[in-house]
Amino acid sequence: MKIFCPLGCEEILIYQNLQNHLDICSNLEKNYKCNLCAKKFSVINEQAKYEMEIHKKNCEKILVKCIFCEKEMFRNQYEIHNYQCEMKILKCEKCKFKFPLKFKTAHDEFYCNEFNKFVENVRNVFN
Ligand SMILES: [Zn+2]
Ligand SMILES: [Zn+2]
Ligand SMILES: [Zn+2]
Ligand SMILES: [Zn+2]
């Protein structure tokens with residue numbers, strides 16, 4: 001029995017050779033390999049196409065852009081980066097002032113203290 005390759009390459013195969021062909025088919029990479037991280041999916045597995053679609057949405061090699069500093073990085077680095085991005089906006093609990101993470105020390109040590117002193121003074125004046 002002669003059949004066309006299920007992966008859509010040009011070859012016409014004998015059914016018995018199908019399995020061997022699927023391992024070397026030139027369309028294999030195109031159809032069943034994540035082009036970002038090179039993860040391969042089993043052709044024999046009926047779910048492979050579906051799994052790959054899901055993988056492609058969640059692949060850790062997807063490039064994402066940090067919403068704070070606009071730097072691009074792999075998805076799996078983003079979580080850590082997001083935690084320590086120096087452009088991340090923080091809000092001070094004490095003075096409610098918003099500032100990027102990189103100014104945190106300056107804020108805590110200088111601005112916030114000064115601001116709170118100022119508020120104290122104003123309170124004292126009105127009390
Ligand atoms: Zn083929
Ligand atoms: Zn991938
Ligand atoms: Zn960032
Ligand atoms: Zn503050």
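Domain bounds come from an automatic or database domain assignment. With that in mind, let's walk through this predicted model. Its chain is divided into domain 1, covering residues 2–58, and domain 2, covering residues 62–127. Taken over C-alpha atoms, the centres of domain 1 and domain 2 are separated by 49 Å.

Now follow the chain along its sequence. You will meet 5 helices and 6 strands, arranged in the pattern β-β-α-α-α-β-β-α-β-β-α. The radius of gyration of the chain is 28 Å, while the globule rule gives 14 Å for 127 residues, so the chain is more spread out than a compact globule. You can picture this with a box: along the principal axes, the C-alpha atoms fill roughly 100 × 20 × 15 Å.

What about burial and contacts? A residue is buried if 20 or more other C-beta atoms lie within 10 Å of its own, and 3% of the 127 residues of the chain count as buried. Among contacts between residues at least 6 apart in sequence, 5% join residues at least 24 apart.

Finally, take a look at helix α5, which runs through residues 104–126. How far should its 23 residues span at 1.5 Å a residue? The expected value is 33 Å, and the end C-alpha atoms are 30 Å apart, which agrees. As you trace α5, look for a kink of about 35° centred on Y111. Of the 23 residues of α5, the number buried is 1, so this helix lies largely in the open.

Note on methods: Residues numbered from 1 in each chain as written. Chains lettered and ligands numbered in written order. Predicted model: local features only at pLDDT ≥ 70, side-chain atom pairs only at ≥ 80, totals over all residues. Helix = DSSP H or I, 4+ residues; strand = E, 2+ residues; numbered from the N terminus. Rg over C-alpha atoms; globule rule 2.2 N^0.38 Å. Buried ≥ 20, exposed ≤ 12 C-beta atoms within 10 Å, placed from the backbone. Contact = placed C-beta atoms within 7 Å. Expected span 1.5 Å × (residues − 1). Bend = angle between axes of the 7 residues up to and from the residue.
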